Amino acid sequence: MNPPPMDTIIFDLGGVLIDWNPRHLFRKLFEEEQEMEHFLEHVCTGDWNEQQDGGRPFAEAIALKTAEFPEYGPQIKAFFERWPEMLGGPIEGTVSILEQIHREKRYRLLALTNWSHETWPVAWERYGFLKYFEDILVSGKEKLKKPDPRIYHLLLERNGVRPGQALFIDDSHRNVQAARQEGIRTIHFTNPTALRTALQQFGVIH
């Protein structure tokens, strides 16, 4: 049997359309690159930050981490207080692709992002291209995050999309694999040029 025709493109945001990286901030707060990397690997880690993506309030997260690492108190607080400085700007090549898909109106556009509900309003106000999406599912609002299969189904069900109708783009292997297991076509994002080639192979853009 042939798969159903694809009519929906789902984008991840951070690392695909938006250059979010805590190093944009913490290079200002640490004199030594090595100490900054130690801080991000052992103190304000990716796993710790993902708990906020799953709905944990930053106030709770920062209190717990400051009690554990009091010597890094100011830097831990800065993770939330100066969070907008982690935004490096749009990833222009991907935004150009998004604009083309939006302009041609052949596909529905949805977004699925692991993002804290507390910091999401900053991104929403800053990046006009987010208005191109028919729906954006923000993990922190739903208290579900990728790669939990339920978050993919929530987005699809909310928008009346069957898994086989959708193509999902994410820079995380883990998230791409989870989507694929749910019957969604996927592209693992590495850079805008490779994404354009992959989308051409799918027939999404020419």
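Which side chain does a polar contact of 2.9 Å join to that of D135? In this predicted model, the partner is N159, whose side chain meets that of D135 at this distance. D135 belongs to strand β5, which covers residues 135–138, and with a relative accessibility of 13% it counts as buried, because buried means under 20%. Beyond its close neighbours in sequence, that is, leaving out residues up to four places away, D135 touches L109, L110 and A111 as well as L155, R158 and N159.

Part of this environment is shared with F133, which also touches L109, L110 and A111, and in addition F11, L13, L17 and L98, again not counting residues up to four places away in sequence. F133 is itself a member of the largest nonpolar core, a set of 52 residues in which F11, L13, L17, F133 and L199 touch the most other members. Helix α6, residues 92–104, gives this core its largest share, namely four residues. Apart from this core lies another one, made up of 15 residues that include L112, L144, L155 and V161; L155, it may be recalled, is also one of the residues that D135 touches. As a general background to such groupings, nonpolar side chains tend to be buried together in soluble globular proteins.

Helix α4, which spans residues 58–68, shows how burial can be distributed around a helix: F58, A61, I62 and K65 are buried there. These four residues lie on the same side of α4, because the arc that they cover around the axis is only 95°. The spacing can be read against a general rule, since an α-helix has 3.6 residues a turn, so residues three or four places apart point the same way. The buried residues of α4 pack against two other helices, α3 (46–53) and α5 (73–81), whereas A59 and A67, on the other side of α4, are exposed.

A last stop is R126, which lies in helix α7, residues 120–126. At 43% relative accessibility R126 counts as partly exposed, because its value falls between the limits of 20% for buried and 50% for exposed. When its neighbours within four places in sequence are left aside, R126 is in contact with P84 and L87. As for R196, which stands 70 residues from R126 along the chain, the C-alpha atoms of these two arginines are separated by 25 Å.

Note on methods. Residues are numbered from 1 along each chain as its sequence is written. This is a predicted model: local features need pLDDT of at least 70, side-chain atom pairs count only at pLDDT 80 or more; totals for chains, interfaces and linings use all residues. Side-chain values use heavy atoms; hydrogens and water are left out. A nonpolar core is a set of buried Ala, Val, Leu, Ile, Met, Phe, Trp, Tyr and Cys residues joined through side-chain atoms within 4.5 Å. Buried means under 20% relative accessible area, exposed over 50%, partly exposed in between (1.4 Å probe, protein chains only). Contact means heavy atoms within 4.5 Å. A polar contact is a pair of N or O atoms within 3.5 Å; within protein, one must be able to donate a hydrogen and the other to accept it, and residues adjacent in sequence count only if both atoms are side-chain atoms. The arc is that of the directions from the helix axis to the C-beta atoms.
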